Amino acid sequence: MKNDKLKQQYRINEQIRVREVRIVGDNGSTVVPTRDALNMAHDQGVDLVEISPNANPPVCRLIDYSKFLYQQKKRQKEMKAKQVKVEVKEIRFGPQTDEHDYQFKLKHAKEFLSEGNKVRAYVFFRGRSILFKEQGEVLLLRFANDLEEVGKVEGMPSLEGKKMFLYLAPKKAGEKKKSQQARDREAAEAEVKEQKRAQQAAKPEVDAEVPANGGLFANAKISADALKKLTEDAED
């Protein structure tokens, strides 16, 4: 059934009834009369397949039709496999959600985002709890911060009726953002390394001075010893 639909998309050989067509191939393209194109296909033992009927002139290929259909079917299958179905998962909070419930929902949100789904988190204000909308906003902002490794915020928390929403999308590969704690740790490590480099850079200068002074003192000591020995020899 699928092959029949695919076949109906393309005209081949004598079904192509225009005056001229553009033949495309590995060596480029050329415009020829349709009759000449049909003769070329016949000589090569292949089919004349119209792949772009709306072009002027229509674009065709010289190829075995069954092989062409197989390639098209394979390409469609690959494109379908690459299409990722993105779902929107909901996470519901109350304005005074306890820590245990918060961590439980945080874990599920991480799983949803890691699987490539979006997350719509919201705080539902029941009755007079709308007075605590600031608490709801703080809760959603904390939620977004705890998910920054796997998700990115698509908009700040917004109040719609009795619900305050926050939307998060999964991060793409290579888009992973480091947490503030990790960034602070790396900055501290970089500072320590810089201090060590500065100390090592200054150390050779000090070391260079010591041998120089040591050499002068050593030469002076040798000269004094030699002079003393010469004096003693003269007295003898």
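Of the 236 residues in this protein, 25% are buried. Keep in mind that you're looking at a predicted model. Here are some exercises to work through with the structure open.

**Exercise 1. Overall layout**

Task: work out how many helices and strands the protein has, and in which order they run.

Solution:
- Start with the count: the secondary structure comes to 6 helices and 8 strands.
- Now walk along the chain from the N terminus, and you get α-β-β-α-β-β-α-β-α-β-α-β-β-α.
- Then look at contacts between residues at least 6 apart in sequence: 58% of them join residues at least 24 apart.
- Finish on the outside, where the accessible surface adds up to about 17400 Å². Carbon and sulfur atoms own 52% of that surface.

**Exercise 2. Glu-50 and its partner**

Task: decide whether Glu-50 is buried or exposed, and find which side chain it pairs with in a salt bridge.

Solution:
- Locate Glu-50 first: it sits in strand β3, which covers residues 47–52.
- Check its accessibility. Glu-50 has a relative accessible area of 3%, and the cut-off for buried is under 20%, so Glu-50 counts as buried.
- List what surrounds it. Leaving aside residues up to four places away in sequence, Glu-50 touches Tyr-10, Arg-11, Ile-16, Pro-58, Val-59 and Cys-60.
- Pick out the charged partner: the side chains of Glu-50 and Arg-11 form a salt bridge, 2.8 Å from N to O.
- Ask what the pair connects. Arg-11 is in the loop between α1 (2–7) and β1 (20–25) while Glu-50 is in β3, so the salt bridge ties together parts 39 residues apart in sequence.
- Compare the two ends: Glu-50 is buried, whereas Arg-11 is partly exposed at 34% relative accessible area.

**Exercise 3. Salt bridges elsewhere**

Task: find out how many salt bridges the structure holds, then look at those of Glu-87 and Arg-142.

Solution:
- The total is 7 salt bridges.
- Take Glu-87: it forms a salt bridge with Lys-89, and the closest N and O atoms are 3.0 Å apart.
- Look at how open this pair is. Glu-87 is partly exposed at 34% relative accessibility, and Lys-89 is partly exposed at 24%.
- Move on to Arg-142, whose side chain meets that of Asp-146 in a salt bridge (3.6 Å, N to O).
- Place both residues: they lie in helix α5, 4 residues apart, which is about one turn of the helix.
- Check their accessibility too. Arg-142 comes out as partly exposed with 35% relative accessible area, and Asp-146 is partly exposed at 27%.
- Widen the view, and Glu-99 joins in: Glu-99, Arg-142 and Asp-146 are linked in a network of salt bridges.

**Exercise 4. The β7–β8 hairpin**

Task: work out which way strands β7 and β8 run relative to each other, and what happens at the turn.

Solution:
- Find the strands: β7 spans residues 151–160, and β8 spans residues 163–170.
- Look at the pairing. The two strands run antiparallel and are joined by 7 bridges.
- Pick a spot along them: Lys-152 stands opposite Ala-169 in β8.
- Go to the turn. β7 and β8 make a hairpin with 2 residues between them. In that turn, Gly-161 has a positive phi of about 65°.

**Exercise 5. Ser-29 in strand β2**

Task: describe the surroundings of Ser-29 and find which side chain makes a polar contact with it.

Solution:
- Ser-29 is in strand β2, residues 28–33.
- With 43% relative accessibility, Ser-29 counts as partly exposed.
- Skip residues up to four places away in sequence, and Ser-29 touches Arg-22, Ile-23 and Val-24.
- Of these, check Arg-22: its side chain and that of Ser-29 are joined by a polar contact of 3.4 Å.
- For a distance further along the chain, try Arg-61. Its C-alpha atom is 9.6 Å from that of Ser-29, with the two residues 32 apart along the chain.

**Exercise 6. A nonpolar surface patch**

Task: find which residues form a nonpolar patch on the surface.

Solution:
- The members are Ile-130, Leu-131, Phe-132 and Leu-159.
- Together they have about 330 Å² of accessible area.
- Zoom in on Ile-130, which lies in the loop between β6 (118–124) and α5 (133–146).
- Its relative accessibility is 30%, so Ile-130 counts as partly exposed.

Note on methods:
Residues numbered from 1 in each chain as written. Predicted model: local features only at pLDDT ≥ 70, side-chain atom pairs only at ≥ 80, totals over all residues. Heavy atoms only, no water. Pairing = 2+ DSSP bridges. Buried < 20%, exposed > 50% of the residue type's maximum accessible area, 1.4 Å probe, protein only. Contact = heavy atoms within 4.5 Å. Patch = residues over 30% accessible without salt bridge, like charges linked within 9 Å, V, L, I, M, F, W, Y side chains within 5 Å. Areas by Shrake-Rupley, 256 points an atom, 1.4 Å probe, with all protein chains shown as cover. Salt bridge = Lys/Arg side-chain N within 4 Å of Asp/Glu carboxyl O. Polar contact = N/O pair within 3.5 Å; in protein donor to acceptor, adjacent residues only side chain to side chain.
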